[in-house]
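Open your viewer, switch on the side chains, and follow along step by step. Each stop tells you what to select and what you will find there.

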Amino acid sequence: MHSENRRQGDALSFSIAAASVVAKVTRDRIMHALASRYPGYGWETNVGYATAEHGDAIRRLGITPHHRRSFEPVRLALSGPADFFALLDAGALANADDEAHP
């Protein structure tokens with residue numbers, strides 16, 4: 001659901017707003033648990049959003065079973081390091097999350 005639609009839904013329905021909060025809190029807890037299991041990815045602070053720090057961690061540490069394969073930076077890292085490193089060097093990883101989570 002796009003963020004604008006989500007905001008409109010939140011304004012119309014208390015249950016949609018509550019579900020959004022529950023989903024965010026649940027995701028944050030999952031990401032904190034993954035951070036302790038997979039240190040170095042910054043999941044304790046980026047809680048699943050793309051950051052330059054996270055891109056550097058993928059470069060250094062690789063992909064975990066918990067990385068979303070459909071996310072372009074992860075897909076590129078799996079397809080070939082040259083494509084992923086070019087994406088990182090272009091600074092696209094920090095902007096990729098804006099496109100993934102408008």
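Searching the whole structure turns up three salt bridges. Keep in mind as you look around that this is a predicted model. Side chains of opposite charge can pair when their charged atoms come close.

**Stop 1: Lys24 and Asp28**

Select Lys24 and Asp28 and zoom in on their side chains, which meet in a salt bridge with an N to O distance of 2.7 Å. Why can these two meet? They sit four residues apart in helix H2 (residues 14-37), so about one helical turn separates them. Now turn on a surface view. Which partner is buried, and which is partly exposed? Lys24 is partly exposed, because its relative accessibility is 45%. Asp28 counts as buried, because its relative accessibility is 14%, under the 20% limit for that label.

**Stop 2: add Arg27**

Keep Asp28 on screen and add Arg27 to the selection. Arg27 also forms a salt bridge with Asp28, and their closest N and O atoms are 3.2 Å apart. Arg27 has a relative accessible area of 25%, so it is partly exposed. With Lys24, Arg27 and Asp28 shown together, you are looking at a network of salt bridges.

**Stop 3: Glu72 and Arg75**

Next, move along to helix H5 (residues 72-79) and select Glu72 and Arg75. How far apart are the closest N and O atoms of this salt bridge? The distance between them is 3.9 Å. Glu72 and Arg75 are three residues apart in H5, so about one helical turn lies between them. Both partners are partly exposed: Glu72 has a relative accessible area of 41%, and Arg75 has 40%.

**Stop 4: the buried face of H5**

Stay on H5 and colour Pro73, Val74 and Leu76, the buried residues of this helix. Then rotate until you look down the axis of H5: its buried residues fall within an arc of 160°, so they line one face of the helix.

**Stop 5: H4 and what follows**

For the last stop, select helix H4 (residues 52-61). Which of its residues are buried? They are His54, Gly55, Ala57 and Ile58. Look down the axis again: these residues cover an arc of only 155°, which means they are on the same side of H4. Finally, click on Gly62, just after H4, where the backbone takes a positive phi of about 90°.

Terms used. Residues are numbered from 1 along each chain as its sequence is written. This is a predicted model: local features need pLDDT of at least 70, side-chain atom pairs count only at pLDDT 80 or more; totals for chains, interfaces and linings use all residues. Side-chain values use heavy atoms; hydrogens and water are left out. A salt bridge is a side-chain nitrogen of Lys or Arg within 4 Å of a carboxyl oxygen of Asp or Glu. Helices (H or I, at least four residues) and strands (E, at least two) are DSSP runs, numbered from the N terminus. Buried means under 20% relative accessible area, exposed over 50%, partly exposed in between (1.4 Å probe, protein chains only). The arc is that of the directions from the helix axis to the C-beta atoms.
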